[in-house]
Amino acid sequence: MAARRRGNPLALAVLALLFERPMHPYEMAVTLRERRKEESIRLNYGSLYAVVQSLEKHGLIRVRETVREGRRPERTVYEITEPGKLELFDWLEELISTPVKEYTGFEAGLSLLPVLPVEDALRLLEARKTKLREHLRLRETLREIARGERLTRLLYLEWEYTDMLHRAELEWVTKLIEEIRDGSLEGLGMWREFQRRIAAGLDPDPSGAAEAADGGGREDGRSEG
């Protein structure tokens with residue numbers, strides 16, 4: 001079996017489906033959608049077929065049979081191999097047991113927030129807060145649908161996890177907005193001074209901005225005389 005890099009959760013989902021029973025790719029896609037796993041795993045037919053081919057190439061799955069139903073095109077049914085089962089269990093063990101650093105877009109944006117004028121940052125944070133609330137309302141609707149379809153909680157634990165993250169983010173973003181508005185955010189004076197120097201065409205030297213902002217905590221950015 002050739003070595004392969006882990007990374008695409010769709011490959012893990014295919015292994016898990018074939019651990020249940022042999023399937024053809026179309027059935028895999030239908031099953032994932034019926035279980036609403038596209039909420040957690042990015043799914044499209046093109047990438048699914050590419051994943052299936054890669055798993056077969058690496059000996060983790062194999063062709064079991066080719067079937068034809070009525071006038072439909074032939075479909076290739078796959079099954080998991082013993083190395084595929086070992087990969088499935090080992091991959092799941094790694095994902096569940098070991099926290100890893102995940103680089104999110106929002107985190108990258110926050111790390112560069114002072115590039116934006118304070119008022120623009122506030123506007124964007126307010127927009128994010130609104131979208132987070134809308135997202136949480138939508139997720140609650142989806143949970144109601146899942147309960148109506150009698151999906152057991154075990155099958156959507158990942159929804160609970162992501163909702164918890166979004167609720168925590170909403171609380172944090174709300175607090176950050178309040179701190180910027182009331183001037184209590186540490187470094188706000190430095191941020192405003194940085195933007196003032198940029199607007200004036202001056203060198204936005206961080207050390208100069210920090211000195212002018214009296215340590216970075218004052219709203220007006222003035223030093224004590």
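Me: Angles under 35 degrees count as roughly parallel, over 145 as roughly antiparallel, 65 to 115 as roughly perpendicular, and the rest as oblique. What makes H2 and H3 oblique to each other?

Reply: This is a predicted model, and in it the axes of H2 and H3 come within 10 Å and cross at roughly 125°. An angle of 125° is over 115 but not over 145, and therefore H2 and H3 count as oblique. The crossing in which H2 passes H3 is right-handed.

Me: Which residues of H2 and H3 make the contact?

Reply: On H2 they are Pro 25, Tyr 26, Met 28, Ala 29 and Arg 33, while H3 brings Tyr 45, Leu 48, Tyr 49 and Val 52. These residues divide into eight nonpolar, no polar and one charged; Arg counts as charged, so Arg 33 is the charged one.

Me: How do you know which residues touch the most other members of the largest nonpolar core, and what makes a residue there count as buried?

Reply: Of its 24 residues, Val 14, Leu 18, Met 28, Leu 48 and Leu 55 touch the most other members. Belonging to such a core requires being buried, so each of these five has under 20% relative accessible area. Two or more residues come from each of helix H1 (9-20), helix H2 (25-34), helix H3 (45-57), strand E2 (75-80) and helix H4 (82-97), and H1 gives the most, with eight.

Me: Beyond its neighbours within four places in sequence, what is Leu 18 in contact with?

Reply: Leu 18 is in contact with Met 23, Met 28, Ile 61, Tyr 78, Glu 79 and Ile 80. A second, separate core has 12 residues, among them Leu 113, Ala 121, Leu 122 and Leu 176.

Key. Residues are numbered from 1 along each chain as its sequence is written. This is a predicted model: local features need pLDDT of at least 70, side-chain atom pairs count only at pLDDT 80 or more; totals for chains, interfaces and linings use all residues. Side-chain values use heavy atoms; hydrogens and water are left out. A nonpolar core is a set of buried Ala, Val, Leu, Ile, Met, Phe, Trp, Tyr and Cys residues joined through side-chain atoms within 4.5 Å. Buried means under 20% relative accessible area, exposed over 50%, partly exposed in between (1.4 Å probe, protein chains only). Helices (H or I, at least four residues) and strands (E, at least two) are DSSP runs, numbered from the N terminus. Contact means heavy atoms within 4.5 Å. Axes are lines fitted to C-alpha atoms, for helices over the stretch in contact, and angles run from 0 to 180 degrees between N-to-C directions. A crossing is left-handed if the near helix is turned anticlockwise from the far one by less than a right angle, and right-handed if clockwise.
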